[in-house]
Amino acid sequence: VGGSGSAYKLSPLLGTVDASLSAKQVSVYPNPTSGEVNIVSKNNVKNVQLMDMNGKVIRNFSSVKQLNISSVESGVYLLKVTTEDGKSTATKLIKK
């Protein structure tokens, strides 16, 4: 609520993520990681986005099962995995 009595509507951070793709269909490990991240999915991975907690895309990866994020600063990130069937899921990822 602003100082003038105004109310602000906040948009959901992950509004475009399809909730129908359960976390069980995509596994990300190790978590926390110091650099290498493995992605295991029942479907082929089409795209992976590494985002900060504000939703800003830090890196994009295409058709990968392993990522190297050793050059990224330590912190908490979101890893959005999109499979070839168009479904997406986001996982919190901790970089040591």
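1. Strands here are DSSP runs of E of at least two residues, numbered from the N terminus. On that reading, this predicted model follows the pattern β-β-β-β-β-β-β along the sequence, with zero helices and seven strands in the protein.

2. Some overall values set the scene for the local points below. Buried residues make up 33% of the 96 residues, and the protein exposes about 6100 Å², of which carbon and sulfur atoms supply 49%. Among the contacts with a separation of 6 or more, 53% are accounted for by residues 24 or more positions apart.

3. Lys-95, which lies in strand β7 (residues 88-95), deserves attention from anyone assigning charges. Lys-95 is buried yet has no salt bridge, and the nearest side chain of opposite charge, that of Glu-73, is 9.4 Å away; since a salt bridge requires a side-chain nitrogen of Lys or Arg within 4 Å of a carboxyl oxygen of Asp or Glu, the 9.4 Å separation from Glu-73 does not qualify. A polar atom of the Lys-95 side chain does, however, lie 3.1 Å from the backbone oxygen of Val-72.

4. The surroundings of Lys-95 draw on several parts of the chain. Not counting residues up to four places away in sequence, Lys-95 touches Thr-33, Ser-34 and Gly-35, then Ile-69, Ser-70, Val-72, Glu-73, Ser-74 and Gly-75, and also Tyr-77. Two of these partners, Ser-70 and Ser-74, are found in the loop between β5 and β6, while Gly-75 is found in strand β6 (residues 75-83).

5. Ser-70 is partly exposed, with a relative accessible area of 45%, and a polar contact of 2.7 Å joins its side chain to that of Asn-68. Beyond its neighbours within four places in sequence, Ser-70 is in contact with Ser-34, Gly-35 and Lys-95. The C-alpha atoms of Ser-70 and Ser-34 are 6.2 Å apart in space, although the two residues are 36 residues apart in sequence.

6. Ser-74, by contrast with the buried Lys-95, is exposed, because its relative accessible area is 52% and the class begins over 50%. Its side chain reaches the backbone oxygen of Lys-96 at 2.9 Å, and Ser-74 touches both Lys-95 and Lys-96 when residues up to four places away in sequence are not counted. Gly-35 is 39 residues from Ser-74 along the chain, and their C-alpha atoms are separated by 9.8 Å.

7. At Gly-75, the relative accessible area is 25%, so this residue counts as partly exposed. Leaving aside neighbours within four places in sequence, Gly-75 is in contact with Leu-93, Ile-94 and Lys-95. For the pair Gly-75 and Ile-94, which are 19 residues apart in sequence, the C-alpha to C-alpha separation is 5.9 Å.

8. Ile-94 is likewise found in strand β7, where it is partly exposed with a relative accessible area of 37%. Together with Met-53 and Val-76, Ile-94 forms a nonpolar patch on the surface, and the three have about 230 Å² of accessible area together.

9. Thr-82 also lies in strand β6 and is buried, as its relative accessible area is 14% and the class covers values under 20%. The residues that Thr-82 touches, not counting those up to four places away in sequence, are Val-45, Lys-46, Asn-47, Lys-87 and Ser-88.

10. Some backbone features merit inspection before the model is used further. Most residues other than glycine have a negative phi, and most peptide bonds are trans. Against that background, the peptide bond from Tyr-29 to Pro-30 is cis, with omega near -10°, and the peptide bond from Asn-31 to Pro-32 is cis as well, with omega near 10°. Pro-30 has its place in the loop between β1 (26-29) and β2 (36-41), and the place of Pro-32 is likewise in the loop between β1 and β2.

11. Ser-63 has a positive phi of about 45° although it is not a glycine. This residue is found in the loop between β4 (57-62) and β5, and at 55% relative accessibility Ser-63 counts as exposed.

How values were computed:
Residues are numbered from 1 along each chain as its sequence is written. This is a predicted model: local features need pLDDT of at least 70, side-chain atom pairs count only at pLDDT 80 or more; totals for chains, interfaces and linings use all residues. Side-chain values use heavy atoms; hydrogens and water are left out. Helices (H or I, at least four residues) and strands (E, at least two) are DSSP runs, numbered from the N terminus. Buried means under 20% relative accessible area, exposed over 50%, partly exposed in between (1.4 Å probe, protein chains only). Contact means heavy atoms within 4.5 Å. Lys and Arg count as positive and Asp and Glu as negative; His and the chain ends are not counted. A polar contact is a pair of N or O atoms within 3.5 Å; within protein, one must be able to donate a hydrogen and the other to accept it, and residues adjacent in sequence count only if both atoms are side-chain atoms. Patches are made of residues with over 30% relative accessible area and no salt bridge: like charges are joined within 9 Å, nonpolar side chains (Val, Leu, Ile, Met, Phe, Trp, Tyr) within 5 Å. Accessible areas come from the Shrake-Rupley method with a 1.4 Å probe; for residues, only the protein chains shown count as cover.
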